[in-house]
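Colleague: I am new to this structure, and I would like to understand how each label attached to it is earned. Could you show it to me, and then let me ask about the reasoning one step at a time?

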Amino acid sequence: MNTRDPSEATAPAALESKVLVIETDAAVLDAIRAFCGDNALQGHRVHPLNVAGVLRSRIDLGAVFVGGRLQGAVSDGVELAREIARLRPELPLFLRTDGVELPDPGALPSIVPYTLADIGALRGELDRKIFDRVYPTSLVRALGEMTQSALASQFKGMEVRMDPPYVVRDRLIHGEMFTLIPMETPWCRGFMTLQTDAESLRRVVSAGHTVFSAEDGADFRNLNALLGELTNLIWGGFRNRYGTEGAGGTFGVQVPIIVNHLHRYISFGTESPQLCFKCQAWSPDDPEGTTVTIYQRFAFSLSWAPELYRESETLLSGFVESGELELF
């Protein structure tokens, strides 16, 4: 299945995925840039010498493109690809093999080789490895609106911005604070998380932009309460809009959620991509000192049936058009 629903190709909530591009040849970069533009990929170039630092920065990624032959201090792109695959095995890794003799393919099972001449053949791999889950545009838009409304209600006197939604394959945790809540309807079962760093949230509270007094910012319990309330507000909006009637309940299939704090890693027991929003709130009077970034992820890891979602949305629209339901 393909995330890029043809009927919704021009919708403002169309999904992209960030990819890391490790190439040193200008002509190759131009070709990959065009390929990314045609395939909902947001390319980020990095020099081979800086790869380790970028990966340590823990940016959200959907895949990595590596040239097998790289100019400069690092010349062995195959070895670099091998190292990235070891460090981040959850990420699809596309290795350009022009003029490169590959070792035994069994030694690099997670790496997809390609040549520049047949880069178009990677479209099928993108659909299998990055865009293999349908997220209907109306759902993505509704989730973004719920989240923005919740943020605006909790951060007083601050501007709120939602970056364009995207999908990722990594399993990283951002910051020290993390909430997790189940999300369940007849057409989905999974989890939503909110992640942020404690110091940014503390500064927002200390600046008087929340329901807590400025002096309460030093107490981590108040930061917990603030992030918990944001989580509850978004979950409440989701429940009120989509309901839970017909959901599997607590007796459905469960899988372990694994959290490794040392590596800031979380697994929901599935390889499917996660739907993500990067949310920012800042004070116009002090945009540098009073800013908080919250990463929101949806992992529908237990059940996902977008065709049932579409049926429910069609039914809702029918009630509105007939006058049985009124929007307000």
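Colleague: What lies over the face of Tyr166?

Modeller: This is a predicted model, and in it Lys18 lies over the face of Tyr166, at 4.5 Å from the ring centre. The rule asks for a charge within 6 Å of the ring centre and within 35 degrees of the ring normal, and the distance of 4.5 Å for Lys18 and Tyr166 lies within the first of these limits.

Colleague: Before we go further into single residues, what makes up the secondary structure of the protein chain, and what share of its residues is buried?

Modeller: The protein chain has eight helices and 13 strands, and buried residues make up 48% of its 328 residues. Of the contacts between residues at least 6 apart in sequence, 74% join residues at least 24 apart. The accessible surface comes to about 15,900 Å², and 53% of that belongs to carbon and sulfur atoms.

Colleague: Why is the pair of Arg96 and Glu23 called a salt bridge?

Modeller: The closest N and O atoms of Arg96 and Glu23 are 2.9 Å apart, and the cut-off is 4 Å between a side-chain nitrogen of Lys or Arg and a carboxyl oxygen of Asp or Glu, so the pair qualifies. Arg96 lies in strand E4 (residues 93-96) and Glu23 in the loop between strand E1 (17-22) and helix H1 (26-38), so this salt bridge ties together parts that are 73 residues apart in sequence. A search of the whole structure finds 15 salt bridges.

Colleague: How do you know whether Arg96 and Glu23 are buried or exposed?

Modeller: Buried means under 20% relative accessible area; Arg96 has 7% and Glu23 has 1%, so both count as buried. Among the residues in contact with Arg96, leaving aside neighbours within four places in sequence, are Glu23, Val66, Gly67 and Tyr114. Arg96 and Gly67 are 29 residues apart in sequence, yet 4.8 Å apart in space from C-alpha to C-alpha.

Colleague: What makes Glu79 and Arg82 a salt bridge, and why are they called partly exposed?

Modeller: Their side chains meet at 3.3 Å, N to O, which is within the 4 Å limit, so Glu79 and Arg82 form a salt bridge. Both lie in helix H3 (residues 77-87), three residues apart, about one turn of the helix. Partly exposed covers the range between under 20% and over 50%, and since Glu79 has a relative accessible area of 40% and Arg82 has 31%, that label applies to both. Elsewhere, salt bridges that share partners join Asp60, Arg88, Glu90, Asp170 and Arg297 into one network.

Colleague: How many aromatic pairs are there, and why is the pair of Phe35 and Phe65 called edge-to-face?

Modeller: The count comes to 14 aromatic pairs. The rings of Phe35 and Phe65 have their centres 6.3 Å apart and their planes at 65°; the limits are 6.5 Å for pairing and over 60 degrees for edge-to-face, so both conditions are met. Phe35 lies in helix H1 and Phe65 in strand E3 (residues 63-67), so the pair ties together parts that are 30 residues apart in sequence. Phe35 is buried, and so is Phe65. Ring pairs also link a cluster that includes Tyr135, Trp187, Phe238 and Trp304.

Colleague: Which residues have the most contacts inside the largest nonpolar core?

Modeller: That core has 62 residues, and those with the most contacts inside it are Leu41, Phe65, Phe155, Trp187 and Ile294. Leu41 touches, among others, Val19, Phe35, Phe65 and Phe131, not counting residues up to four places away in sequence. A second, separate core of 20 residues includes Leu20, Ile22, Val54 and Val100.

Colleague: What makes Ala40 worth a remark, and how do you know whether it is buried or exposed?

Modeller: Ala40 has a positive phi of about 60° although it is not a glycine, and its place is in the loop between H1 and strand E2 (41-45). Its relative accessible area is 17%, and the limit for buried is under 20%, so Ala40 counts as buried.

Technical notes
Residues numbered from 1 in each chain as written. Predicted model: local features only at pLDDT ≥ 70, side-chain atom pairs only at ≥ 80, totals over all residues. Heavy atoms only, no water. Helix = DSSP H or I, 4+ residues; strand = E, 2+ residues; numbered from the N terminus. Buried < 20%, exposed > 50% of the residue type's maximum accessible area, 1.4 Å probe, protein only. Contact = heavy atoms within 4.5 Å. Areas by Shrake-Rupley, 256 points an atom, 1.4 Å probe, with all protein chains shown as cover. Phe/Tyr/Trp six-rings, centres within 6.5 Å; stacked < 30°, edge-to-face > 60°. Core = buried A, V, L, I, M, F, W, Y, C linked by side-chain atoms within 4.5 Å.
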